[in-house]
Amino acid sequence: MDDTPPFEIDRKDVIDGLGKGLRVIEAFDDDHVRMTASEMGVRAGITRTAARRYLLSLVHFGFMATDGKYFWLTPRVLRLGQSYLNASRLPRLVQPFIQRVSMQCGETVNVSVLDGHEVIYVARSNSPRLVSIGHHVGARAPAHVVTPGTAMLSTWSDEALKAWAAVHEFSSYTGQTVTDPQRFLENCRTARALGYWITERQLDMNLVGIAVPLLNRKGECKAAMSCTVQAVTHTTEDLAVRLLPLLREAALGLAPLI
């Protein structure tokens, strides 16, 4: 889903230490907010001594804080993600399109990209509603439980899909979450034939969503445009009739630009 062409990097030009330092930052999550050097070593797959040096270096550069035993991230880390949003063309290109769709349907519209096994939301419309539903910019979700994930993966070949599903963790979030890899692959093939996908109560029992892949003029998928609404007030038929034409029109308009 990256819009940059493949580039072969000579191994001697790779700085392994930089990669390990980034792994240390990525090791923090909801379940690991504060960690010791030993805990970090296990999480990042490095020795305790190496983990401590990386952690202390990140403290020195302002990305981490410590009380001498535990380490935690500081708000400065947000600059890393903000740099992408500020420099990437995609969020700026899609904003007027999703804003127009939002004004037409009265719902929040998102654009997201695929990052390995997660969907990352990179753009969000300003909804005309006082209270709106939609993912905030920077939010992440497992690709198998959100509509954009299926929509984007549906553009892959069967061989690539199978390889992706073979190493994906199909965790359950509701009683309706698709956790069977074969069923998920079938959903992706159906979405490929339809050109869109609708997900019901996969991540949250109160939500349904619809998404279309964003293809460039070469037919390559660069992102997905989606809309998430309340399940109690919207049926899947409503999404297909009311929202799908608007999303498809915007996707067609974006194709020559992305």
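I take helices as DSSP runs of H or I with at least four residues, and strands as runs of E with at least two, numbered from the N terminus. The model I examined is predicted.

**Entry 1: the whole chain**

On that basis I counted 9 helices and 8 strands in the chain. I then looked up the radius of gyration, which is 20 Å; the globule rule gives 18 Å for 258 residues, and because the two values are close, I record the chain as being as compact as a globular protein of that length. Along the principal axes, the C-alpha atoms fill a box of roughly 60 × 45 × 35 Å.

I next turned to burial and surface. I found that 42% of the 258 residues count as buried. The chain exposes about 14,300 Å², and carbon and sulfur atoms supply 55% of that area.

For contacts, I considered those with a separation of 6 or more. Of these, 58% are between residues 24 or more positions apart. I also looked up the charges: 28 are positive and 26 are negative, and their mean positions lie 6 Å apart.

**Entry 2: strand 7 and its partners**

I asked how many residues of strand 7 (residues 207-215) are buried. The count is 7 of the 9, so I note that strand 7 is largely enclosed by the rest of the structure.

I then listed its pairings. Strand 6 (residues 197-200) runs antiparallel to strand 7, and 4 bridges join them. Within this pair, I located Thr199 opposite Gly209 of strand 7. The two strands form a hairpin with 6 residues between them, and in the turn I noted Arg201, whose phi is positive at about 50 degrees.

Strand 8 (residues 221-230) is also antiparallel to strand 7, with 9 bridges joining the two. Here I found Ile210 with Cys227 in strand 8 as its bridge partner. Strand 7 and strand 8 form a hairpin as well, with 5 residues between the strands; Gly219 takes a positive phi near 85 degrees there.

**Entry 3: Pro245**

I looked up where Pro245 sits and placed it in helix 9 (residues 236-254). Is Pro245 buried, exposed or partly exposed? Its relative accessible area is 45%. Buried requires under 20% and exposed over 50%, so I enter Pro245 as partly exposed.

Lastly, I related Pro245 to Gly209, the residue I had found opposite Thr199. Pro245 and Gly209 are 36 residues apart in sequence, and their C-alpha atoms are 14 Å apart in space.

Technical notes
Residues numbered from 1 in each chain as written. Predicted model: local features only at pLDDT ≥ 70, side-chain atom pairs only at ≥ 80, totals over all residues. Heavy atoms only, no water. Rg over C-alpha atoms; globule rule 2.2 N^0.38 Å. Buried < 20%, exposed > 50% of the residue type's maximum accessible area, 1.4 Å probe, protein only. Contact = heavy atoms within 4.5 Å. Areas by Shrake-Rupley, 256 points an atom, 1.4 Å probe, with all protein chains shown as cover. Lys, Arg positive; Asp, Glu negative; His and termini not counted. Charge placed at Lys NZ, Arg CZ, Asp CG, Glu CD. Pairing = 2+ DSSP bridges.
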